[in-house]
Amino acid sequence: MSGVPEPEEFRARARRWLTGAARPRPDDGEWGSGSDSVAVFDNWTEEQEREHTARVQEWERTRYDQGWSAFNWPQDYGGRDLPAYYEQLYRAEEAVFDVPHRPEIFPVTQALVAPAIGIWGTEEQKRRWLRPMLRTDELACQLFSETEAGSDLAAVRTRAVREGDSWVLTGHKVWTSGARVATWGVAVCRTDPDVRKHAGITVFLVRMDAPGVTVRPIRQMTGGTSFNEVYLDDVRVPDTDRLGPVGEGWRVTLSVLAAERLDSGSLGLDNADRALDLAANLPRPLTGGEQQRAADLHIRTLVQRLIGLRVTAALVAGREPGAEASVGKLYATETMRRTSDLVSELLGPSLVADTGEWGTYAWTEHLLGAPGYSIAGGTDEIQRTILAERVLGLPKEPVR
């Protein structure tokens, strides 16, 4: 297809293509049937993760090959040169079809890492990586967080020392999603310890199967291992795999983080809707307090969706959402907390005993996972700082 179709025309075309490429999503039927999973973080073994990743890759390759992916990318990379919000239009249509759930490694690769390469990569790097990543032949994880740095990403200690045409990386990264299935890791490293911390950072793309790279799963409270720690022990990386100029890694990192926050505003809406269904199907009348919590959560889901529309409107207008994305992230994490509060009040003791009853003990996955999103994708404190600086105009440094 050529040109920019009208949104409704685009959605109609997407619907027709999906009808021929996938099956409609099956109706779970009456309340109490189908899956009762409300897990915030995928809770699987390495074998399950690899099997599911392969299924998603097959679907993503079908989309890409038939022109239903990479919508806002140039045609040189298999895209369609459409506005960025056409991805959301497509997702709205795809949601009613039975396609595999995309774990975090896929949006990280396609919506975070690939755009950063598009901005900072050399022409050779773009030729090497963009098509394979957009098609998901190559998958990328984020080697950002470190135990010593906490939420201060600029305080990373993983070292990269130059030796001729290569760099030698040594350090330890944590909370890495998808490290077991990724082919590349985007590593934020310190290359100059003698300058201010934001200036001494450089970013590299590291082969996850390179000698010296060790991936160890982190056991979650719920029993699964969605996250990993990654050890880099004298890992040799060619300079051709450096992303962006030496010492400019902080700006490269911000490009990735900005993209990450754009997609965070929809977090938790499915589980909030499920909690409201629980309230509607409880085998007893709701108390006054429960009714108030349920009404509050219902209103929050409506407002959260409106915030998402504001982010979309910013994209349509050609602006990069800043404050809107931070507001969406803060609002989403609070929605997840209030979902936990409502469910805890509705289920009481049946929440903590695995009796086999549908839709009860399964909620522990949400309660234990939801607090993590106040940290993931930029802590609540970081989002408030962004709003203080960009909206209220407060100084970055404390007034002395």
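## A tour of the aromatic pairs and beyond

Start by selecting Trp-73, which is buried at a relative accessible area of 11%. This is a predicted model, so keep that in mind as you click around. Add Tyr-77 to the selection: at 17% relative accessibility, Tyr-77 is buried too.

Before going on, zoom out for the whole chain. You should be able to pick out 11 helices and eight strands. Lined up on its principal axes, the C-alpha trace spans about 70 × 55 × 45 Å. What radius of gyration does the chain have, and what would a compact globule have? The chain comes in at 22 Å, and a compact globule with 400 residues would be near 21 Å, so the two agree. Colour by burial and 49% of the 400 residues count as buried. Switch on the surface and you are looking at about 19,800 Å² of accessible area, with 52% of that belonging to carbon and sulfur atoms. If you like contact maps, take the contacts between residues at least 6 apart in sequence: 74% of them join residues at least 24 apart.

**Ring pairs**

Now show the aromatic side chains. How many aromatic pairs does the structure hold? There are 16. Select Phe-41 and Tyr-373: their ring centres are 5.1 Å apart and the planes meet at 10°, so this pair is stacked. Phe-41 sits in the loop between helix H1 (7-21) and helix H2 (46-65), while Tyr-373 sits in the loop between helix H10 (364-369) and helix H11 (380-390), so the pair ties together parts 332 residues apart in sequence. Phe-41 is at 15% relative accessibility, which counts as buried. Tyr-373 is buried as well, with a relative accessible area of 15%.

Go back to Trp-73 and Tyr-77 with the rings drawn. Is this pair stacked or edge-to-face? With centres 6.2 Å apart and planes at 85°, the pair is edge-to-face.

For a bigger selection, take Phe-10, Trp-17, Trp-59, Trp-68, Phe-71, Tyr-85, Tyr-86 and Tyr-90; ring pairs link these residues into a cluster.

**Charges over rings**

Next, select Arg-216 with Tyr-231. The charged end of Arg-216 sits over the Tyr-231 ring, 4.7 Å from the ring centre. Then jump to Arg-300 and Tyr-331, where the charged end of Arg-300 sits over the ring of Tyr-331 at 3.9 Å from its centre.

**A helix stop**

Move along to Thr-301, in helix H8 (residues 288-316). Thr-301 is buried, with just 2% relative accessible area. What does Thr-301 touch, leaving aside its neighbours within four places in sequence? Select Leu-269, Ala-272 and Asp-273 to see those contacts.

**The hairpin**

Switch to cartoon and find strand E2 (residues 159-163) and strand E3 (residues 166-177). These two run antiparallel and are joined by five bridges. Click Arg-162 and look across: Trp-167 in E3 stands opposite. Two residues lie between the strands of this hairpin, and Gly-164 takes a positive phi near 65° there.

**Last stop**

Finish with Arg-127 in helix H5 (residues 123-134). Buried or exposed? At a relative accessible area of 60%, Arg-127 is exposed, since the cut-off for that is over 50%. Draw a C-alpha to C-alpha distance from Arg-127 to Thr-355 and you get 54 Å, for two residues 228 apart in sequence.

Definitions and conventions. Residues numbered from 1 in each chain as written. Predicted model: local features only at pLDDT ≥ 70, side-chain atom pairs only at ≥ 80, totals over all residues. Heavy atoms only, no water. Phe/Tyr/Trp six-rings, centres within 6.5 Å; stacked < 30°, edge-to-face > 60°. Helix = DSSP H or I, 4+ residues; strand = E, 2+ residues; numbered from the N terminus. Buried < 20%, exposed > 50% of the residue type's maximum accessible area, 1.4 Å probe, protein only. Lys NZ or Arg CZ within 6 Å of the ring centre and 35° of its normal. Rg over C-alpha atoms; globule rule 2.2 N^0.38 Å. Contact = heavy atoms within 4.5 Å. Areas by Shrake-Rupley, 256 points an atom, 1.4 Å probe, with all protein chains shown as cover. Pairing = 2+ DSSP bridges.
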